[in-house]
Amino acid sequence: MTSKEKAHHCYVIKSKLCERYYIGYTVDVKNRIRKHNREICGGAKKTDKYKPWIYFFIVDGFIDNHSALRFEARLQKLKISKCYAQNENFVCPLKSSRSV
């Protein structure tokens, strides 16, 4: 990957306050969670009242933003976070072994 190319990631974050999940896309994993937690400007308003957030899992390796955003939309359609909330034994087949 050249310096001009960016890595594309889809992620699921979980609120530390309750069983709330948020699915998103980013090219900057470290700063995105900080934005959701309002440590820096730019987080989604939808996540504001459930902060603090932690990463639940991250999927990376997308070749471009189009493929990452398509995956994000499919993940949102699956409601994978709701599956986990209803069944703590649920094992996500997409869960990344990568830690942040």
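A residue is partly exposed when its relative accessible area lies between the limit for buried, under 20%, and the limit for exposed, over 50%. The legends below use these words for a predicted model.

**View 1. The whole chain has three helices and three strands.** Read from the N terminus, the order of the elements is β-β-α-β-α-α. The chain has 100 residues, and 37% of them count as buried. About 6,900 Å² of the chain is exposed, with carbon and sulfur atoms supplying 51% of this area. Among the contacts with a separation of 6 or more, 55% are between residues 24 or more positions apart.

**View 2. Strands β1 and β2 form a hairpin.** Five residues lie between the two strands. β1 and β2 run antiparallel and are joined by six bridges. One residue to find here is Cys10, whose bridge partner in β2 is Tyr25. Is β2 largely enclosed or open? Of its six residues, five are buried, so the rest of the structure largely encloses this strand.

**View 3. The largest nonpolar core has 11 residues.** In soluble globular proteins, nonpolar side chains tend to be buried together. The members of this core are Cys10, Val12, Tyr21, Ile23, Phe56, Phe57, Val59, Phe62, Ala68, Phe71 and Leu75. At least two of them come from each of β1 (8–15), β2 (21–26), β3 (53–62) and α2 (65–78). Which element gives the largest share of the core? β3 does, with four residues.

**View 4. Ala68 is a member of the largest core and has contacts with residues elsewhere in the sequence.** Neighbours within four places in sequence are left aside in this view. The residues that Ala68 then contacts are His8, Cys10, Tyr25 and Phe62. Cys10 and Phe62 belong to the largest nonpolar core, as Ala68 does. Cys10 and Tyr25 are also bridge partners in the pairing of β1 with β2.

**View 5. A second core is separate from the largest one.** This second core has 10 residues. Ile13, Tyr22, Ala44 and Trp53 are among them.

**View 6. Lys51 and Pro52 are joined by a cis peptide bond.** The omega angle of this bond is about 10°. Where in the chain is Pro52? Pro52 is in the loop between α1 (29–36) and β3. On the other side of the bond, Lys51 is partly exposed, with a relative accessibility of 33%.

**View 7. Arg38 has a positive phi although it is not a glycine.** The phi angle of Arg38 is about 60°. Arg38 lies in the loop between α1 and β3. With a relative accessible area of 32%, Arg38 is partly exposed, because this value falls between the 20% and 50% limits.

**View 8. A network of salt bridges links Arg38, Asp48 and Lys51.** Which residue does the side chain of Arg38 meet in a salt bridge? The partner is Asp48, with an N to O distance of 3.1 Å. Arg38 and Asp48 are 10 residues apart, and both are in the loop between α1 and β3. Asp48 also forms a salt bridge with Lys51, where the closest N and O atoms are 3.5 Å apart. Asp48 has 30% relative accessibility and counts as partly exposed.

**View 9. Arg34 and Glu39 form a salt bridge.** The closest N and O atoms of this pair are 3.1 Å apart. Is Arg34 buried or partly exposed? Its relative accessible area is 33%, so Arg34 is partly exposed. Across the whole structure, a search finds four salt bridges, including this one.

**View 10. The end of the chain, residues 94–100, has a pLDDT below 50.** Over the chain, the average pLDDT is 82, and 74% of the residues score at least 70. How many contacts does the stretch 94–100 have in the model, beyond near neighbours in sequence? The stretch has 16 such contacts.

Key
Residues are numbered from 1 along each chain as its sequence is written. This is a predicted model: local features need pLDDT of at least 70, side-chain atom pairs count only at pLDDT 80 or more; totals for chains, interfaces and linings use all residues. Side-chain values use heavy atoms; hydrogens and water are left out. Buried means under 20% relative accessible area, exposed over 50%, partly exposed in between (1.4 Å probe, protein chains only). Contact means heavy atoms within 4.5 Å. Accessible areas come from the Shrake-Rupley method with a 1.4 Å probe; for residues, only the protein chains shown count as cover. A nonpolar core is a set of buried Ala, Val, Leu, Ile, Met, Phe, Trp, Tyr and Cys residues joined through side-chain atoms within 4.5 Å. Two strands pair if DSSP finds at least two bridges between them. pLDDT is the predictor's confidence in each residue, from 0 to 100.
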